[in-house]
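Subject: Handover of a structure and the findings on it

Dear colleague,

Please find below the sequence and the structure that I am handing over to you. My findings follow directly after them.

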Amino acid sequence: MVMLLYLDNPYLKDFTATVQKIEENVIFLDRTAFYPGGGGQPYDTGRIEFNGTSSSVIKVNRDDFGHVIDGELPSLGEKIKGFINWERRYAIMRTHTAVHVISGVAYNQFGVTITGNQLYEGRARVDLSFENLTRDTVENIIEESNKVINKNLPVKAYYLSKEEFMQRPELMRVNPKLYEKYDKIRVVEIEGFDAQADGGTHVKSLREIGKIVLEKYESKGRKNKRIYVRVENEP
Ligand SMILES: [Zn+2]
């Protein structure tokens, strides 16, 4: 099984690994810092270096952690050096943590549930559900989220056993059935503010997010609203 280096160190930009298997233009490694996609967070892109050659990693497969290569392929058993497209990944990390802040504020202060989200580089789509959710409420949620960011709370990840996890229903923001196949569940916590089951990469303190800006508000009916937000660096 591949060792997922980003789980313990989301700031890892490069790493060394050994090629375990090759299928056409897909290589499998013993360890990787490339995020394979999931939970609304897109897969990483980047490149690998080996034997004086550099090839692009254009996709990472979520189901089997295969790295899809564009360019020359390394040989089986060869050592490679992997490089994450860090600028893109860091923007995604800031956005991911920003969505957790929004989710925490919406849930704790307004009783609004987030029903889905998709992260992009510095941008996110967030679906919210609540009776008679107005644009004013959404603007309030974003304003309160920025206040939380300014508290610069630390963000940490830890594991709970399935038994411990099942006793804390507030950690399950999506379908509880999704967690049944795991023995231990990773929790991402914005200290003392919001905790939820999560396998993605996050910044280590809230101020790294910058500022959340509401870009677009769409009503999808009385209960369901879709918003687009972006994160901006504070001047
Ligand atoms: Zn998340």
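The protein chain has 4 helices and 15 strands. Please bear in mind throughout that this is a predicted model.

As to overall dimensions, the C-alpha trace of the protein chain spans about 60 × 45 × 35 Å along its principal axes. The radius of gyration of the protein chain is 19 Å, which agrees with the value near 18 Å that a compact globule of 235 residues would have. Of these 235 residues, 32% count as buried. Contacts across the sequence were also examined: among those between residues at least 6 apart, 63% join residues at least 24 apart.

I turn next to the strands, beginning with S5, S6 and S8. Strand S5 covers residues 46–50 and strand S6 residues 53–60, and the two pair in the antiparallel sense over 5 bridges. Within this pairing, Phe50 stands opposite Thr53 in S6. S5 and S6 form a hairpin with 2 residues between them, and Asn51 in the turn has a positive phi of about 45°. S5 also pairs with strand S8 (residues 79–84), again in the antiparallel sense, over 4 bridges. Here Gly46 has Ile84 in S8 as its bridge partner.

A further set of pairings links S9, S10, S15 and S14. Strand S9 (residues 113–120) pairs with S10 in the antiparallel sense over 7 bridges, and Ile114 has Leu128 in S10 as its bridge partner. S9 and S10 form a hairpin with 2 residues between them; in its turn, Gly122 has a positive phi of about 80°. Strand S10 (residues 123–129) is in turn joined to S15 by 7 bridges, and these strands run antiparallel. Two bridge partners may serve to locate this pairing: Arg125 is matched with Tyr228 in S15, and Val126 is matched with Ile227 in S15.

The side chains of S10 alternate along the strand. Ala124, Val126 and Leu128 point to one face and are buried, while Arg123, Arg125, Asp127 and Ser129 point to the other and are not. Strand S15 (residues 224–232) likewise has two faces that can be told apart. Its covered face consists of Lys225, Ile227, Val229 and Val231, and its uncovered face of Asn224, Arg226, Tyr228, Arg230 and Glu232.

S15 is also joined to strand S14 (residues 211–219), by 8 bridges, and the two run antiparallel. In this pairing, the bridge partner of Ile212 is Val231 in S15. S14 and S15 form a hairpin with 4 residues between the strands, in which Gly221 takes a positive phi near 115°.

A separate description is due to the open sheet of 3 strands, which has the order S11-S12-S13 and antiparallel pairing. Its edge strands are S11 (155–161) and S13 (194–197), each of which pairs on one side only. From one strand to the next, the twist averages 25°. Strand S12 (residues 184–190) is joined to S13 by 4 bridges, and Val187 stands opposite Ala197 in S13.

Among the helices, I wish to draw your attention to H2 and H3. The axes of helix H2 (residues 86–110) and helix H3 (residues 135–150) come within 9 Å and cross at roughly 115°. This crossing is right-handed. On the H2 side, the residues that take part are Val101, Ile102, Val105, Ala106, Gln109 and Phe110; they meet Thr137, Ile141, Glu144, Ser145, Val148 and Ile149 in H3. The residues of this contact divide into 8 nonpolar, 3 polar and 1 charged.

One last residue deserves mention, namely Val203, which is found in the loop between S13 and S14. Is Val203 buried or exposed? Val203 counts as buried, because it has 20 C-beta neighbours inside 10 Å. Leaving aside its neighbours within four places in sequence, Val203 is in contact with Met93, Arg94, Thr97, Val155, Glu208 and Ile209. Val203 and Val101 are 102 residues apart in sequence, and their C-alpha atoms are 12 Å apart in space.

With kind regards

Terms used. Residues numbered from 1 in each chain as written. Predicted model: local features only at pLDDT ≥ 70, side-chain atom pairs only at ≥ 80, totals over all residues. Axes fitted to C-alpha atoms, helices over the stretch in contact; angles between N-to-C directions. Left-handed = near helix turned anticlockwise from the far one by under 90°. Contact = placed C-beta atoms within 7 Å. Nonpolar A, V, L, I, M, F, W, Y, C, P; charged D, E, K, R; others polar. Pairing = 2+ DSSP bridges. Rg over C-alpha atoms; globule rule 2.2 N^0.38 Å. Buried ≥ 20, exposed ≤ 12 C-beta atoms within 10 Å, placed from the backbone.
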